Amino acid sequence: MVNIPLLQVSHAVRDYKRNGRQVRVLNDISLYLNAGETLGIVGESGSGKSTLLRHIACLDKLNSGSIFLRGQDYTGAKPRQICRDIQMVFQDAVASFDPRMTIRRSLCETLRLRDGKDNTDAQIKLLMSYVGLPEELLDRYPHQLSGGQCQRMALARAISIVPAILLCDEITSALDVSAQAQIVRLLAKLRTKLDLAIIFVSHDLALVSGLCDRIMVFHEGKCVEEGTARQIISTPQAEYTQRLLSSVLTV
Amino acid sequence: MMEEQLLTVNDLHISYGDADVVSQVSFSVKKGEIVCIVGESGCGKSSVLKAILGLPSLETVVTGGSIVFEGRELTSMNTKQRCRLMGVEIGFVPQNPGSSFNPVRSYEQQFRETLSSHGRRFDQAEVLDCFEKLHLTYGADILKSYPYEMSGGMNQRIAIALAMLLRPKLLLCDEVTSALDVTTQKLVVEELMQFRENCGTAILFVTHNLGVAAKMADIIIVMYAGHLMEYGQSKKVLKTPAHPYTKCLMVAVPDFSGELPCGLDGQPPLEGATMETCAFEPRCPYAGDMPHKNPYKMKQVSDGHFSCCTGRA
C-alpha cells in the first residue's frame, strides 16, 4: 500500500507585487507532513514561511501548485471548508481575538461552530485543563491577558476543533524567553495528548530543533535544506543553514 | 575609581499610581561599559530606563532615590535641562521605534531635524556608512522613505543608526533586539559592541534574553518584581549563578541540546512586591518552608558578584 501523507504541498509558487516589482515569495516549494509529525520551518523575515502557512490554511491563493489533504486536492478551497482539519495560530495572539468579546465568548463561538449547539461549559473546562490556565481568565478581554496567557488561549481555541493539523506561525516571537519556553512545552504536551501534526514556523533554529522531528530551512522563497533535526544541527550542508546556526545566541 | 563612574543609580523607587513598580534599585555604569538588565516582562526593567530618561510615561513617578550622571543629579533637573542632555549625552533606542518616528515625514527630514537640533551637521555619507554597518542596504532609498513603509526590524535598525550618529556617552536600549529575527539580532548586537569599541559609549541594555546578555554584557543585572535579584560581572553571573531566578532564566534560553527549554510556571506579580517576603518565593524551585528574612538584602557571592539569595536546595 502506498503511504499517503496527511498533508502534501507540491510545487507551490506565489508572486507578490512590491513597489511595482514582481517578487517571487514562494519559489517551487514542495513538502509533506505525516500524521502526528512535527515539521519545523526556519528562515529569516521575508523568506516565505508565513506565506506558505497562509496558503495551507486557504487564507490566500497560489499562482500555481497544489495542496493535498489525505490525498485529496483542496487547492483554492475556502477556509471554512478545511478549518475542521487545519487550524492556525498566529504571532499576535491578542489581535487574533475579537477585542469586544470576552475570551469565554470567543471560545464558545468556536465550539458552537463545531457542535452546532450551546453545550459548552464542560468542554471549556476541559480545554482550560489542557492549556493549564485558571478559569477566572475566561471572563477577561484579550487585552487584559499577558502575551503568554493570550497565546495559550489561542492554542485552546485552535485545539477545541480537534484538528488533525496545527499551523503555528511564529507563535512565540512576541513573548519573553520564559513564556516562550512555557508555550513550546505546552505544544509538545498537546501533540502527544491529541496526536496532532504540527507545522512550527520560527526564525530561531535552536527553538525549532528541540521541538521538531524534521526541519526545512527557507531562504528567499526557496527551501535550501531539509533533514531531521539532528542532521540539520550537527551536519548542516547549506551555507545559509550554517549562518542561521551561528546566529543563535545561547547562554 | 569614582571619576570612572558615568551613571550611578542609588536606592531608586518608582511607582505607578499607588503601587511601587521598582524598589531599592542601585547600580552604576562606568565609561565604556555594557550593562544588561535582564528579567521577564513586567519586572520593572523598562521603568528604570524611563526614570533615567525622565520620561514621565503614564503615571510612572520616581518616588525616591537618586540618579547621578557625570556628577549631575538628574531627578532634580527641570525638563529643559534634561532635554539638553538627551541625544548627545544620553541616547535612547525605544522598544517600538515604529511609533517613535513621525510616520508622515521622511527619514531624511527626521534625521536632519534631530541632528541639527543637537548642533550636528547632516552628512549623508556618514549616515549611509552607519546604515551599511547595520546591513541596511539601499540607504539613499531608505532616507527618502517613510517609517510606515518599513518593517519593524528595519525601523529598529534605523533608530539605532540615528542614536549612534549623535555619539552619546551613554546609550539606553530598551529591548531593541526582541522584535528582530536571530540573524539580524546577532548583527545588531555585534554592531553595538563595535560602536562601544570605536566611540567608547557606555550601553545600558534591557532584554529578557540572557543569551543576548551573555554575548555583549560586561555586567549583568537580574531584576524580578521591581527588585534587584543578582548583580555582577557577566562571566561570574553566567558561570556561577547564585539566585534561583537567574538559574531559571538561563534554562529558558533555547539551545542545541535537543531538549525543550524550561519555562518557569506561573506569572510574575504584576505589581512590585512588599519588602517583607520574597516575591519570587511562590515560583521558586528551591523555596523551603522557612520564609526569607530581609529577602532583598544583597549578599556578596564573590568579588564583584552579589545576590540577594543563594538558594536553599
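# Burial, pairing and contacts in chain B

Mentor: B:Cys36 stands opposite B:Phe205 in β8(B). The model is predicted, and what follows reasons from its computed geometry.

Trainee: What makes β3(B) and strand β8 of chain B a pair, and in which sense do they run?

Mentor: Strands β3(B) and β8 (residues 202-207) pair in the parallel sense over five bridges. Two bridges are the minimum for a pair, so five bridges satisfy the criterion. Strand β3(B) also pairs with strand β9 (residues 219-224) of chain B, again in the parallel sense, over four bridges. In β9(B), B:Val222 is the bridge partner of B:Val38.

Trainee: Why is strand β3 of chain B called mostly covered?

Mentor: A residue counts as buried when 20 or more other C-beta atoms lie within 10 Å of its own. Strand β3 (residues 34-38) of chain B has five of its five residues in that class.

Trainee: How do you know which residues of β3(B) lie on one side and which on the other?

Mentor: In a regular strand the side chains alternate between the two faces of the sheet. B:Ile34, B:Cys36 and B:Val38 are on one side of β3(B), with B:Val35 and B:Ile37 on the other. These residues are all buried, and both faces of the strand are therefore covered.

Trainee: What places B:Cys36 among the residues with the most contacts inside the largest nonpolar core?

Mentor: The largest nonpolar core has 164 residues, and B:Cys36 is listed with A:Ile199, B:Leu172 and B:Ile221 as having the most contacts inside it. Leaving aside residues up to four places away in sequence, B:Cys36 touches B:Phe205, B:Thr207, B:Ala213, B:Met216, B:Ala217, B:Ile220 and B:Ile221. In soluble globular proteins, nonpolar side chains tend to be buried together.

Trainee: Why is B:His135 called partly exposed?

Mentor: B:His135 has 13 other C-beta atoms within 10 Å. A residue is exposed at 12 or fewer and buried at 20 or more, so a count of 13 falls in between. B:His135 is found in the loop between α5 (124-133) and α6 (139-144) of chain B.

Trainee: Is B:Tyr138 buried or exposed, and how do you know?

Mentor: B:Tyr138 has 11 C-beta neighbours inside 10 Å; the limit for an exposed residue is 12 or fewer, so B:Tyr138 counts as exposed. B:Tyr138 also lies in the loop between α5 and α6 of chain B.

Trainee: What makes the phi of B:Tyr138 notable?

Mentor: Most residues other than glycine have a negative phi. Phi of B:Tyr138 is near 55°, a positive value in a residue other than glycine. B:His135 likewise has a positive phi, near 55°.

Trainee: Why are β2 and β5 of chain B called edge strands?

Mentor: Four strands of chain B form an open, antiparallel sheet in the order β2-β1-β4-β5. Strands β2 and β5 (72-73) of chain B each pair on one side only, which is what marks an edge strand. Between β1(B) and β2(B), which run antiparallel, there are eight bridges. Within this pair, B:Leu12 stands opposite B:Val25 in β2(B).

Trainee: What is known of the contact between domain 1 of chain B and domain 2 of chain B?

Mentor: Chain B is divided into domain 1 (1-42 + 54-85 + 222-271 + 285-313) and domain 2 (89-203). Their centres, taken over C-alpha atoms, are separated by 26 Å. Ten residues from domain 1 of chain B and eight residues from domain 2 of chain B make the contact. On the domain 1 side, β1 (5-16) and β2 (19-30) of chain B each supply at least two residues. That side divides into six nonpolar, one polar and three charged residues.

Trainee: Which element gives the largest share of the side of chain A that touches chain B?

Mentor: In this interface, 28 residues of chain A are in contact with 31 residues of chain B. The elements of chain A giving two or more residues are α7 (177-194), α8 (205-211) and α10 (239-247). The largest share, eight residues, comes from α7(A). By class, this side of chain A has 13 nonpolar, ten polar and five charged residues.

Trainee: Why does the radius of gyration of chain B agree with that of a compact globule?

Mentor: A compact globule of 313 residues would have a radius of gyration near 20 Å, and chain B has 20 Å; the two therefore agree. The C-alpha trace of chain B spans about 65 × 50 × 40 Å along its principal axes.

Terms used. Residues are numbered from 1 along each chain as its sequence is written. Chains are lettered from A and ligands numbered from 1 in the order in which they are written. This is a predicted model: local features need pLDDT of at least 70, side-chain atom pairs count only at pLDDT 80 or more; totals for chains, interfaces and linings use all residues. Domain bounds come from an automatic or database domain assignment. Two residues are in contact if their C-beta atoms, placed from the backbone, lie within 7 Å. Ala, Val, Leu, Ile, Met, Phe, Trp, Tyr, Cys and Pro count as nonpolar, Asp, Glu, Lys and Arg as charged, and the others, Gly among them, as polar. The radius of gyration is taken over C-alpha atoms; the globule rule is 2.2 Å times the number of residues to the power 0.38. A nonpolar core is a set of buried Ala, Val, Leu, Ile, Met, Phe, Trp, Tyr and Cys residues joined through C-beta atoms within 7 Å.
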